[in-house]
Structure formats: structure tokens, C-alpha cells
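Reader: Hi! I'm in my first year and still learning to read protein models. Could you take one part of this one and walk me through it slowly?

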Amino acid sequence: TAAMLMTGLFYAQGTSVRKDLAAAEMWIRKGREMGDPDGDATLRVFLAVSCAEYVTGQAGVVDEEKAKAMAKEAEELGDKDVYYRLGDAYTRTGKHQEEAYACYEKAAKNGIIAAYSAMGLCLEAGIGVKSDIAKAVSWYKKAAEEGDASKQNGRQRMRRENPSASSFFISRYSVKKKSAFPARFFSNKFH
């Protein structure tokens, strides 16, 4: 059964074989069904990574419905970060900002600190949602309180530059760019 999981991973990564997520999924599910003790964890990671690839097209095709189904299953298997990564995938496409916001919102409900920061940025700059500085400050504050020091500095800057919390827009994250998210949100590292 371990050989089934490994075969699936080879197909998922395109290592020594042509990348084929359908074949990867079939082999990983087969190994899991045969009772491999690493089956759940392997499937969870595969689903979490592949759902983002179905959004960005790295899977060879864009299939948002498949991506959403995979994300839901990964979450059911215990991956609390999956919606944060899916939100990042949507932001990398430069499209579907509302979907990115919805994913970050789900991740924030799962307690993902990086999602708190993403929520703050979305609300601050009006990405996928109407700009709301008071809510942005609240999310930045929550991120800072949970240990994301970079958001604490951002919150202090917002207060200094816009104490009334009226309309504020970060020009360096202008929506005119391909994506309104700074480079740190494009990391392929899992959180």
C-alpha cells in the first residue's frame, strides 16, 4: 500500500513521470482504501495542494468546482490551512477576488493567523469586498495579538495616517497591479 501512495505522489509531482493529478488521486485513494497508515495524511496533503493547482491552472486545467470539492474534503480530513492556500491561489490568478476573500474568511474562522492578515488587507484595500477600514484594523489587531508583528506595525501606521478610519488605500498595493496582494502572500510555503 505504501507503493500506491508513492506512485500517487510521483504522479502528483511529475517526478519521473508526466504530471497527472487524476492518476495521482486514484493511486493515493487506492492506497488509503487498502489501509495504509499514512493514507489519510497523504490524501489530505494531496487535496490541499491540488485544489490550488486546479485554480491556477498548474493542474493542466482550471476547474474551480473540483478545487472547491478538494478543499472541502481536505478540511474534513483535518487541514485547517487549506482555505488560506486556496485564497492565495485565487489571488495569484489576478481574478476572482471575491472568491479569495471568501476563502480567507473561512481560513480565519479556522483560526489561521495569516488569514487574519489577509482579511485585514482585503478590507483595507477593498479586495473582493467593500473597503471597511474599521474592520481592517480589527483583523490586523487580531493578527498582531496572535503573534503577527508585521500587522501590528501596519495597524499603527493606519492609525497615524488615518485616525478617523475613513477611506484609506495603500497605494503600493494598488488594484491596478495584476494582484493587490504583496509578495509575502504568494509564498508556496504552507502555513
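Author: Happy to; here is a close look at helix 3 and the helices packed around it, with a few stops elsewhere in the chain.

One thing to keep in mind is that this is a predicted model. The protein chain has nine helices and zero strands, so let's get our bearings among them before zooming in. Read from the N terminus, its elements run α-α-α-α-α-α-α-α-α. Of the 191 residues, 44% count as buried. Among contacts between residues at least 6 apart in sequence, 49% join residues at least 24 apart.

Now to our part. Two packed helices are described by the angle between their axes and the distance between the axes. We can use that description for three partners of helix 3.

Let's begin with helix 2, residues 21–33. The axes of helix 2 and helix 3 lie 9 Å apart, and the packing angle is about 160°. Angles over 145 degrees count as roughly antiparallel, and helix 2 and helix 3 are therefore roughly antiparallel to each other. Their crossing is left-handed. On the helix 2 side, the contact is made by Leu21, Ala24, Glu25, Ile28, Arg29 and Arg32. On the helix 3 side, the residues include Leu43, Phe46, Leu47, Ser50 and Tyr54. Sorted by class, this contact of helix 2 with helix 3 has seven nonpolar, three polar and five charged residues.

Alanine 24 is a good residue to find on your screen. Alanine 24 sits in helix 2 and is buried, with a relative accessible area of 0%. Leaving aside residues up to four places away in sequence, alanine 24 touches Gly8, Tyr11, Ala12 and Phe46. Alanine 24 and leucine 5 are 19 residues apart in sequence, yet their C-alpha atoms are 8.4 Å apart in space.

Next comes helix 4. Helix 3 covers residues 39–56 and helix 4 covers residues 64–76; their axes come within 8 Å and cross at roughly 155°. That makes helix 3 roughly antiparallel to helix 4. Helix 3 passes helix 4 in a left-handed crossing. In helix 3, the residues that meet helix 4 include Leu43, Phe46, Leu47, Ser50, Cys51 and Tyr54. Their partners in helix 4 are Lys66, Ala67, Met70, Ala71, Glu73 and Ala74. The residues of this contact of helix 3 with helix 4 divide into 11 nonpolar, one polar and three charged.

Serine 50 links these two stories. Serine 50 lies in helix 3, and at 2% relative accessibility it counts as buried. Again not counting residues up to four places away in sequence, serine 50 touches Leu21 and Met70. Leu21 is one of the helix 2 residues in the contact with helix 3, while Met70 is one of the helix 4 residues that helix 3 meets.

The third partner is helix 5. Helix 3 and helix 5 pack at an angle of about 20°, with axes 9 Å apart. Angles under 35 degrees count as roughly parallel, and these two helices are therefore roughly parallel to each other. The crossing of helix 3 and helix 5 is right-handed. Here Ala48, Cys51, Ala52, Val55 and Thr56 of helix 3 meet residues of helix 5, among them Val82, Leu86, Ala89 and Tyr90. By class, the contact of helix 3 with helix 5 has eight nonpolar, two polar and two charged residues.

Loops deserve a glance too. Most residues other than glycine have a negative phi. Serine 16, in the loop between helix 1 and helix 2, has a positive phi near 70°. Serine 16 is exposed, with a relative accessible area of 74%. Histidine 96 lies in the loop between helix 5 and helix 6, and its phi is also positive, near 55°. Histidine 96 is partly exposed, with a relative accessible area of 34%.

Finally, look along the chain to helix 7, residues 113–125. At 1.5 Å a residue, its 13 residues should span 18 Å, and its end C-alpha atoms are 19 Å apart, which agrees. Helix 7 is mostly covered, with 11 of its 13 residues buried. Among those buried residues are Tyr116, Met119, Leu123 and Glu124. Just after helix 7, glycine 126 takes a positive phi of about 70°.

Definitions and conventions: Residues are numbered from 1 along each chain as its sequence is written. This is a predicted model: local features need pLDDT of at least 70, side-chain atom pairs count only at pLDDT 80 or more; totals for chains, interfaces and linings use all residues. Side-chain values use heavy atoms; hydrogens and water are left out. Axes are lines fitted to C-alpha atoms, for helices over the stretch in contact, and angles run from 0 to 180 degrees between N-to-C directions. Angles under 35 degrees count as roughly parallel, over 145 as roughly antiparallel, 65 to 115 as roughly perpendicular and the rest as oblique. A crossing is left-handed if the near helix is turned anticlockwise from the far one by less than a right angle, and right-handed if clockwise. Contact means heavy atoms within 4.5 Å. Ala, Val, Leu, Ile, Met, Phe, Trp, Tyr, Cys and Pro count as nonpolar, Asp, Glu, Lys and Arg as charged, and the others, Gly among them, as polar. The expected span of a helix is 1.5 Å times one less than its number of residues. Buried means under 20% relative accessible area, exposed over 50%, partly exposed in between (1.4 Å probe, protein chains only).
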